[in-house]
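Reader: I am in my first year, and I would like to understand how the words used for a protein model follow from its numbers. Could you take me through one, term by term?

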Amino acid sequence: MVAAMHEDDSPDLREVARILNEVLEIPDVPLKAQKLVVKVCDVVTSRAARLAAAGIVGILKKIGRDGSGGVTSGRIKGGGHSDKMRRTVVAIEGALYTSYSMFRQYMNEAMTEILGENVSKHVILKVTEDGSGIGASLLAAVYSSPIVDKVQ
(Lines give C-alpha, C1' and ligand atoms only; values in the text may rest on other atoms or scores of the structure.)
Protein backbone atom coordinates (compact mmCIF):
# COMPACT_ATOMS: atom_id res chain seq x y z
CA MET A 1 0.00 0.00 0.00
CA VAL A 2 2.77 2.45 0.91
CA ALA A 3 4.79 1.42 -2.13
CA ALA A 4 1.81 1.83 -4.47
CA MET A 5 1.07 5.31 -3.15
CA HIS A 6 4.72 6.31 -3.07
CA GLU A 7 5.34 5.24 -6.64
CA ASP A 8 2.15 6.82 -8.04
CA ASP A 9 3.48 9.23 -10.64
CA SER A 10 0.16 10.13 -12.27
CA PRO A 11 -0.55 13.89 -12.27
CA ASP A 12 -3.81 13.44 -10.34
CA LEU A 13 -2.42 10.73 -8.00
CA ARG A 14 -5.13 8.25 -9.03
CA GLU A 15 -3.64 5.32 -7.13
CA VAL A 16 -3.26 7.37 -3.94
CA ALA A 17 -6.91 8.48 -4.19
CA ARG A 18 -8.05 4.91 -4.86
CA ILE A 19 -6.18 3.48 -1.87
CA LEU A 20 -7.33 6.24 0.44
CA ASN A 21 -10.93 5.74 -0.68
CA GLU A 22 -11.22 1.96 -1.15
CA VAL A 23 -8.72 0.56 1.35
CA LEU A 24 -8.58 3.17 4.09
CA GLU A 25 -12.15 4.36 3.55
CA ILE A 26 -11.18 8.05 3.41
CA PRO A 27 -13.20 9.52 0.52
CA ASP A 28 -12.76 12.80 -1.36
CA VAL A 29 -9.20 13.62 -0.28
CA PRO A 30 -7.99 16.85 -1.93
CA LEU A 31 -4.97 16.62 -4.25
CA LYS A 32 -2.89 18.72 -1.85
CA ALA A 33 -3.51 16.22 0.96
CA GLN A 34 -2.74 13.33 -1.40
CA LYS A 35 0.61 14.94 -2.19
CA LEU A 36 1.27 15.14 1.54
CA VAL A 37 0.48 11.42 1.85
CA VAL A 38 3.07 10.70 -0.87
CA LYS A 39 5.66 12.78 1.04
CA VAL A 40 4.89 10.87 4.25
CA CYS A 41 5.34 7.59 2.32
CA ASP A 42 8.70 8.91 1.10
CA VAL A 43 9.87 9.78 4.62
CA VAL A 44 8.74 6.43 6.03
CA THR A 45 10.37 4.50 3.16
CA SER A 46 13.62 6.42 3.45
CA ARG A 47 13.76 5.85 7.21
CA ALA A 48 12.99 2.13 6.88
CA ALA A 49 15.65 1.68 4.19
CA ARG A 50 18.24 3.54 6.28
CA LEU A 51 17.44 1.37 9.32
CA ALA A 52 17.79 -1.78 7.21
CA ALA A 53 21.11 -0.52 5.82
CA ALA A 54 22.31 0.33 9.35
CA GLY A 55 21.48 -3.21 10.46
CA ILE A 56 23.47 -4.69 7.58
CA VAL A 57 26.42 -2.39 8.27
CA GLY A 58 26.24 -3.36 11.95
CA ILE A 59 26.61 -7.01 10.99
CA LEU A 60 29.44 -6.17 8.57
CA LYS A 61 31.17 -4.27 11.37
CA LYS A 62 30.70 -7.18 13.78
CA ILE A 63 32.32 -9.62 11.34
CA GLY A 64 35.03 -7.15 10.36
CA ARG A 65 33.88 -6.52 6.80
CA ASP A 66 33.16 -2.79 7.09
CA GLY A 67 36.66 -1.62 6.13
CA SER A 68 37.37 -0.22 9.59
CA GLY A 69 40.58 -2.19 9.97
CA GLY A 70 39.16 -4.50 12.64
CA VAL A 71 40.25 -8.06 13.31
CA THR A 72 39.49 -9.33 9.80
CA SER A 73 38.89 -5.89 8.23
CA GLY A 74 37.68 -7.38 4.94
CA ARG A 75 41.08 -6.87 3.36
CA ILE A 76 42.98 -9.50 1.39
CA LYS A 77 46.21 -10.49 3.13
CA GLY A 78 49.57 -11.32 1.65
CA GLY A 79 50.99 -11.14 -1.82
CA GLY A 80 51.29 -7.36 -1.78
CA HIS A 81 47.51 -6.93 -1.85
CA SER A 82 47.15 -5.76 1.76
CA ASP A 83 45.31 -2.62 0.69
CA LYS A 84 42.77 -4.42 -1.50
CA MET A 85 39.28 -4.87 -0.05
CA ARG A 86 37.70 -8.30 -0.16
CA ARG A 87 34.31 -8.50 -1.86
CA THR A 88 31.44 -9.10 0.56
CA VAL A 89 28.05 -10.23 -0.67
CA VAL A 90 24.92 -9.71 1.38
CA ALA A 91 22.13 -12.01 0.23
CA ILE A 92 18.76 -10.30 0.36
CA GLU A 93 15.44 -12.03 0.15
CA GLY A 94 12.00 -10.47 0.05
CA ALA A 95 9.54 -8.46 -2.00
CA LEU A 96 10.23 -5.21 -0.16
CA TYR A 97 13.72 -5.01 -1.64
CA THR A 98 12.98 -6.71 -4.95
CA SER A 99 9.67 -5.04 -5.84
CA TYR A 100 9.81 -1.60 -4.21
CA SER A 101 12.30 0.36 -6.30
CA MET A 102 12.37 3.43 -4.04
CA PHE A 103 13.15 1.30 -0.97
CA ARG A 104 15.95 -0.42 -2.87
CA GLN A 105 17.34 2.92 -4.07
CA TYR A 106 17.24 4.46 -0.59
CA MET A 107 18.86 1.38 0.95
CA ASN A 108 21.69 1.38 -1.60
CA GLU A 109 22.24 5.11 -1.03
CA ALA A 110 22.33 4.59 2.74
CA MET A 111 24.85 1.75 2.42
CA THR A 112 27.12 4.06 0.42
CA GLU A 113 26.63 6.93 2.84
CA ILE A 114 27.35 4.82 5.95
CA LEU A 115 30.25 2.77 4.58
CA GLY A 116 31.71 5.40 2.26
CA GLU A 117 32.17 4.99 -1.48
CA ASN A 118 35.52 3.16 -1.22
CA VAL A 119 34.15 0.39 1.00
CA SER A 120 30.58 0.21 -0.32
CA LYS A 121 31.72 -0.64 -3.84
CA HIS A 122 33.05 -3.92 -2.37
CA VAL A 123 29.74 -4.76 -0.67
CA ILE A 124 27.27 -6.31 -3.08
CA LEU A 125 23.60 -6.67 -2.20
CA LYS A 126 22.54 -9.82 -4.08
CA VAL A 127 18.89 -10.80 -4.41
CA THR A 128 18.12 -14.44 -3.81
CA GLU A 129 14.66 -15.78 -4.46
CA ASP A 130 14.95 -19.41 -3.41
CA GLY A 131 12.79 -18.90 -0.32
CA SER A 132 15.47 -20.28 1.95
CA GLY A 133 17.62 -18.45 4.46
CA ILE A 134 20.13 -21.28 4.10
CA GLY A 135 20.29 -20.68 0.35
CA ALA A 136 20.84 -16.97 0.98
CA SER A 137 23.63 -17.75 3.43
CA LEU A 138 25.36 -20.12 1.02
CA LEU A 139 25.04 -17.65 -1.83
CA ALA A 140 26.59 -14.89 0.27
CA ALA A 141 29.40 -17.16 1.40
CA VAL A 142 30.25 -18.29 -2.13
CA TYR A 143 30.16 -14.81 -3.64
CA SER A 144 32.13 -13.27 -0.76
CA SER A 145 34.96 -15.73 -1.00
CA PRO A 146 38.01 -14.56 -2.96
CA ILE A 147 38.38 -18.14 -4.17
CA VAL A 148 35.10 -19.91 -4.93
CA ASP A 149 36.37 -23.32 -3.73
CA LYS A 150 37.50 -21.94 -0.37
CA VAL A 151 34.72 -20.45 1.78
CA GLN A 152 35.87 -18.60 4.89
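**From values to words**

Author: Met 1, Val 23, Leu 24 and Ile 26 form a nonpolar patch on the surface, and together they have about 350 Å² of accessible area. This is a predicted model, in which local features need pLDDT of at least 70 and side-chain atom pairs count only at pLDDT 80 or more, while totals for chains, interfaces and linings use all residues. Residues are numbered from 1 along each chain as its sequence is written, and side-chain values use heavy atoms, with hydrogens and water left out.

Reader: What makes Met 1, Val 23, Leu 24 and Ile 26 a nonpolar patch?

Author: A patch is made of residues with over 30% relative accessible area and no salt bridge, where nonpolar side chains (Val, Leu, Ile, Met, Phe, Trp, Tyr) are joined within 5 Å and like charges within 9 Å. The accessible area itself comes from the Shrake-Rupley method with a 1.4 Å probe, and for residues only the protein chains shown count as cover. Met 1, Val 23, Leu 24 and Ile 26 are therefore called a nonpolar patch, being residues of the listed kinds that are joined under this rule.

Reader: Why is Leu 24 called partly exposed?

Author: Buried means under 20% relative accessible area, exposed means over 50%, and partly exposed is in between (1.4 Å probe, protein chains only). Leu 24 has 38% relative accessibility, so it counts as partly exposed. Leu 24 lies in the loop between helix H2 (14-23) and helix H3 (31-62), where a helix is a DSSP run of H or I with at least four residues, a strand is a run of E with at least two, and both are numbered from the N terminus.

Reader: How do you know that Ile 19 and Val 16 are in the class you give them, and what is that class?

Author: Ile 19, in helix H2, has a relative accessible area of 2% and is therefore buried. Val 16, which also lies in helix H2, has 0% relative accessibility, so Val 16 counts as buried.

Reader: Which residues are in contact with Ile 19 and with Val 16?

Author: Contact means heavy atoms within 4.5 Å. Leaving aside neighbours within four places in sequence, Ile 19 is in contact with Met 1, Ala 4, Met 5 and Leu 24, and Val 16 is in contact with Met 5, Asp 8, Gln 34, Val 37 and Val 38. Ile 19 and Met 1 are 18 residues apart along the chain, and their C-alpha atoms are separated by 7.3 Å.

Reader: How are H2 and H3 placed relative to each other, and what is that arrangement called?

Author: Two packed helices are described by the angle between their axes and the distance between the axes. H2 and H3 pack at an angle of about 90 degrees, with their axes 10 Å apart; axes are lines fitted to C-alpha atoms, for helices over the stretch in contact, and angles run from 0 to 180 degrees between N-to-C directions. Angles under 35 degrees count as roughly parallel, over 145 as roughly antiparallel, 65 to 115 as roughly perpendicular and the rest as oblique, so H2 is roughly perpendicular to H3. The contact is made by Val 16, Ala 17 and Leu 20 of H2 together with Gln 34, Val 37 and Val 38 of H3.

Reader: What makes Arg 50 and Glu 113 a salt bridge?

Author: A salt bridge is a side-chain nitrogen of Lys or Arg within 4 Å of a carboxyl oxygen of Asp or Glu. The closest N and O atoms of Arg 50 and Glu 113 are 3.1 Å apart, so the pair forms a salt bridge under that limit. This pair links distant parts of the chain, with Arg 50 in helix H3 and Glu 113 in helix H5 (residues 101-115), 63 residues apart. Arg 50 is partly exposed because its relative accessible area is 33%, and Glu 113, at 55%, is exposed.

Reader: Why does the pair of Lys 61 and Asp 66 count as a salt bridge too, and how exposed or buried is each partner?

Author: The closest N and O atoms of Lys 61 and Asp 66 are 3.7 Å apart, so this pair also forms a salt bridge. Lys 61 is exposed, with a relative accessible area of 52%, whereas Asp 66 is buried, with 11%. The structure holds 5 salt bridges, and Glu 15, Arg 18 and Glu 22 are linked in a network of them.
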